[in-house]
Amino acid sequence: MKRLAILGSTGSIGTHTLDVVASHPDQFEVTALAAGNNVELLQEQVRRFRPRFVAVAGEAAARALARRLGSDGVEVGWGTDGVCCAGADTGADMVVSAIVGGAGLVPTMAALRAGKGLALANKETLVMAGELVTGEARARGIRILPVDSEHSAIFQCLENQHTNKVLRLVLTASGGPFRTLPREAFSAITPEDALRHPTWAMGKKITIDSATLVNKGLEVIEAQWLFGMPVDRVDVIVHPQSVIHSMVEYVDGSVLAQLGVPDMRLPIQYALTYPERRACPAARLSLEAVGGLTFEAVDRRKFPCLDLAYEAARGGGSWPAVLNAANEVAVRWFLERRVGFDEIPTIIRKALDANPHLAIRSVEDVLEVDRKVRESLERGK
Ligand SMILES: NC(=O)c1ccc[n+]([C@@H]2O[C@H](COP(=O)([O-])OP(=O)(O)OC[C@H]3O[C@@H](n4cnc5c(N)ncnc54)[C@H](OP(=O)(O)O)[C@@H]3O)[C@@H](O)[C@H]2O)c1
C-alpha cells in the first residue's frame with residue numbers, strides 16, 4: 001500500500017490523481033490533501049478518501065472547512081506551513097505536487113527535504129528553482145517522477161537506454177486553439193476563446209499557457225532539469241492530435257516515441273506505480289480512429305513566448321523565475337480582462353529586460369525574485 005499526500009487535490013491533476021487512486025483501492029491510501037480555497041470539493045474528497053490531515057491556503061477557508069467536517073477526526077491546517085505539513089509530515093511515502101504556479105515551490109521543496117518520493121506536476125517549481133530542486137533530490141537519492149505527459153513520455157523513452165547516447169529530446173505541442181488563427185486576430189482573443197483547448201481539459205492557467213505556447217517553453221526548462229539536457233538539445237514540434245506525447249532521438253538516428261490517448265490519468269498513474277504498469281481507467285488508443293498523425297514547425301513569430309523561455313533558460317540564474325512570475329501575472333491580468341492576449345509576451349519581455357540577472361543560491365533568493373517581479377508589475381500597471 002503506497003501512502004500519498006496530494007497537494008492541489010481539487011484541481012485538474014489532483015482530481016485525476018484521486019480517480020487513479022479510486023481505481024486501485026488496494027494500492028493507494030491518501031494521508032493528506034491540500035488545496036487553495038475549494039472547501040466544498042475538499043469536504044467531499046475527505047469523506048471519500050479519509051486523509052488524516054487536510055490543508056488550505058487561507059485561515060478563513062480552514063475555518064470554513066473545519067466547520068463543514070465537524071467531528072470527522074481530520075486535522076485542518078492552512079497557509080504555506082499547513083500545505084508543507086500535508087506533504088512532509090503526514091506519513092506519506094509519496095507527494096503528488098499538483099498546486100498551480102509558484103505557490104507549489106516551497107511545499108515541493110519541503111517534501112524533498114523530508115525525503116518523500118515525488119510525483120511532480122507543478123512544472124513552475126523546476127522553472128523557478130530547477131537547480132536547487134534537482135540538487136536536493138539528488139542529495140537525498142530521490143528520483144523525481146514526472147507527471148507532465150511530455151516528460152513522462154521522455155522518461156519512458158529513456159528507460160534502459162544510455163542517456164549519453166541521446167542527441168535531442170523532442171517535445172510535442174498540440175499548437176493550442178490559435179495554431180491556425182492569423183496573428184493579426186490575436187488582439188481580439190477573449191479568455192473564453194483561449195480556455196477552449198483542442199485536445200486537453202486542464203486548469204485555467206495551464207490552458208492559457210498552452211494557448212500562448214509559454215507552456216511549451218516552461219516544459220523545455222522542466223526537461224532541462226529533469227533529464228540534465230541543455231535547452232538547445234530540447235526541441236519542440238507541433239503535433240495537433242496529441243497522440244505522440246514526446247520523443248527521444250538517439251545518436252544513431254533512432255527516434256523513440258511514447259503514444260497514448262490525451263488523458264492525464266496515464267502519466268499520473270505511471271508516476272504513482274513506477275516502475276510497475278497497471279491497467280488504467282483511461283480509454284485505449286485506437287490509431288484507426290485517430291486516422292493520421294501530422295507534424296509542423298512552431299510559428300515562432302506568432303508565439304514569441306516559446307523563444308522567451310529559451311532565452312530565460314540560456315540566461316539561467318534568476319531569469320527563469322522572472323519569466324515565470326511575469327507570466328503568472330500576465331495570465332491573471334488576461335483572465336481578468338485587464339490586458340489583451342497579445343500583450344502577454346510583451347509583459348514577459350519587459351520583465352526580463354527590467355530585472356537584473358542574479359545568481360540564485362537558495363529558495364529564499366528565488367522567492368525574493370518572484371516577489372519583486374510581481375510587485376514591480378503591479379506598481380507599473
Ligand atoms: N492539468 C493538466 O492536465 C496538467 C498537465 C501537466 C502539468 N500540469 C501542471 O500541474 C499543475 C496543476 O495544474 P492544474 O491544471 O491541475 O491546475 P488547477 O486545475 O488550476 O488546480 C490547481 C490546484 O492548486 C490548488 N492551489 C492553488 N493555489 C494554492 C495554494 N496557494 N495553496 C494550496 N493549493 C493551491 C488549487 O486549489 P483550489 O481549487 O482550491 O483553487 C487546485 O487544487 C500546474 O503546475 C500545471 O502546469 C497540469
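1. Let's start with burial. In this predicted model, buried residues account for 48% of the 381 residues in the protein. Keep that figure in mind when you look at single helices and strands further down, where the share is counted element by element.

2. Now the overall build. You can count 16 helices and eleven strands in the protein. Its C-alpha atoms fill a box of roughly 55 × 50 × 40 Å along the principal axes. How does the radius of gyration fit with a compact globule? For 381 residues such a globule would come out near 21 Å, and the protein has 20 Å, so the two agree. Contacts tell you about the fold as well: among those between residues at least 6 apart in sequence, 67% join residues at least 24 apart.

3. Have a look at strand 2, residues 28–34. Why can we call it largely enclosed by the rest of the structure? Because six of its seven residues are buried. On one pairing, strand 2 runs parallel to strand 1 (residues 2–7), with six bridges between them. If you want a spot to find this on screen, look for Leu7, which stands opposite Ala34 in strand 2. To get from strand 1 to strand 2, the chain passes through helix 1 (residues 12–23), and this β-α-β crossover is right-handed.

4. Strand 2 has another parallel partner to check: three bridges join it to strand 3 (residues 53–56). Here Ala32 is the residue to find, standing opposite Phe53 in strand 3. Helix 2 (residues 39–49) belongs with these two strands, and together they make a right-handed β-α-β unit.

5. Strand 5 is worth a slow look. Met94 and Val96 point one way, Val95 and Ser97 point the other way, and all of them are buried. That fits a rule you'll meet often: in a regular strand, side chains alternate between the two faces of the sheet. Strand 5 pairs with strand 1 in the parallel sense over four bridges, and Ala5 stands opposite Val95 there. Strand 5 is also joined to strand 6 by four bridges, again running parallel. Val95 turns up here too, with Leu118 as its bridge partner in strand 6. The link from strand 5 to strand 6 goes through helix 5, in a right-handed β-α-β crossover.

6. That brings us to helix 5 itself, residues 105–113. How many of its nine residues are buried? Eight are, so the helix is mostly covered. They are Leu105, Val106, Pro107, Thr108, Met109, Ala110, Ala111 and Leu112. What do they pack against? The list is strand 1, helix 4 (79–88), strand 5 (94–97), strand 6 (117–120), helix 6 and helix 16 (363–380). After helix 5 comes Gly115, with a positive phi near 80°.

7. Helix 7 (residues 149–158) is mostly covered too, with nine of its ten residues buried. The buried ones include Glu150, His151 and Gln156, along with Ile154 and Phe155. Among the elements they pack against are strand 7 (144–146), strand 8 (166–173), helix 10 (214–227) and helix 11 (265–273). Strand 10 (244–250) and strand 11 (255–259) are on that list as well. Just after helix 7, Asn160 takes a positive phi of about 60°.

8. Next, the ligand. Which of the 30 residues around the ligand come nearest? They are Gly11, Gly36, Asn38, Met202 and Gly203. The elements giving two or more residues to this shell are helix 1, helix 6 (123–139) and helix 9 (204–212). By type, the shell residues divide into 14 nonpolar, eleven polar and five charged.

9. Last, a single residue to practise on: Gln27, in the loop between helix 1 and strand 2. Is Gln27 buried, exposed or partly exposed? It has 16 other C-beta atoms within 10 Å, so Gln27 counts as partly exposed. Setting aside neighbours within four places in sequence, Gln27 is in contact with Met1 and Lys2. For a sense of scale, try the distance from Gln27 to Glu368: they are 341 residues apart in sequence and 40 Å apart in space, C-alpha to C-alpha.

Conventions. Residues numbered from 1 in each chain as written. Predicted model: local features only at pLDDT ≥ 70, side-chain atom pairs only at ≥ 80, totals over all residues. Buried ≥ 20, exposed ≤ 12 C-beta atoms within 10 Å, placed from the backbone. Pairing = 2+ DSSP bridges. Right-handed = clockwise from strand over helix to strand, strands pointing away. Rg over C-alpha atoms; globule rule 2.2 N^0.38 Å. Contact = placed C-beta atoms within 7 Å. Near = placed C-beta within 6 Å. Nonpolar A, V, L, I, M, F, W, Y, C, P; charged D, E, K, R; others polar.
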